[in-house]
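Trainee: I'm new to this one and the whole picture is a bit much for me. Could you pick a single part, give me a close look at it, and then follow the thread to its surroundings?

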Amino acid sequence: MKIKIIDICEDCDGKGHKEKQISETRSVKLICGDCGGDGTKTRVGLYDSIADASDDYPDATSFTYL
């Protein structure tokens, strides 16, 4: 079965942005290029059950059958 897995973006730790230091006293926030700024990543995989998908993605926030 196809299962949609929503997981926290590892690149920005779910914040949706990253901070870049541009000088000793100044930094800027940049939108995360991995998740597009929403803090999550969506994956689709073939699994026999949600429990099997959960084994591969234990920190995922949502599992949905497609």
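Mentor: Quick bit of vocabulary before we dive in: strands here are DSSP runs of E with at least two residues, helices are runs of H or I with at least four, and both are numbered from the N terminus. Keep in mind that this is a predicted model, where local features need pLDDT of at least 70 and side-chain atom pairs count only at pLDDT 80 or more, while totals for chains, interfaces and linings use all residues. Residues are numbered from 1 along each chain as its sequence is written, and side-chain values use heavy atoms, with hydrogens and water left out.

Let's take strand 1, which covers residues 2–8. This strand has two faces: Ile3, Ile5 and Asp7 make up the covered one, while Lys2, Lys4, Ile6 and Ile8 make up the uncovered one.

Now for the neighbours. Two strands pair if DSSP finds at least two bridges between them. Strand 1 runs antiparallel to strand 4, and 7 bridges join the two. If you want a spot to check, go to Ile5, whose bridge partner in strand 4 is Arg43. Strand 1 also pairs with strand 5 (residues 62–65), again in the antiparallel sense, over 4 bridges. There, Ile3 stands opposite Tyr65.

Stay with Arg43 for a moment, as it turns up again in a side-chain contact. Side chains of opposite charge can pair when their charged atoms come close. We call it a salt bridge when a side-chain nitrogen of Lys or Arg is within 4 Å of a carboxyl oxygen of Asp or Glu. Arg43 forms one with Asp7, and their closest N and O atoms are 3.4 Å apart. Arg43 lies in strand 4 (residues 40–46) and Asp7 in strand 1, so this pair ties together parts that are 36 residues apart in sequence.

How covered are those two? Buried means under 20% relative accessible area, exposed means over 50%, and partly exposed is in between (1.4 Å probe, protein chains only). Asp7 comes out as buried, at 8%, whereas Arg43 is partly exposed, at 22%.

The count of salt bridges comes to 3. Another one links Lys18 and Asp11, with the closest N and O atoms 2.6 Å apart. Lys18 is partly exposed at 34%, and so is Asp11, at 37%. Then there's Lys41, whose side chain meets that of Asp34 in a salt bridge at 3.4 Å, N to O. Lys41 is partly exposed with 24% relative accessible area, and Asp34 is partly exposed with 45%.

Next, follow the chain on from strand 1. In the loop between strand 1 and strand 2 you'll find Asp13, which is exposed at 58%. Most residues other than glycine have a negative phi. Asp13 is not a glycine, yet its phi is positive, at about 60 degrees.

After that loop, look at strand 2 (residues 17–21), which pairs with strand 3 (residues 27–31) in the antiparallel sense over 5 bridges. A hairpin of 5 residues joins strand 2 to strand 3. Lys18, which we met in the salt bridge with Asp11, stands opposite Leu30 in strand 3.
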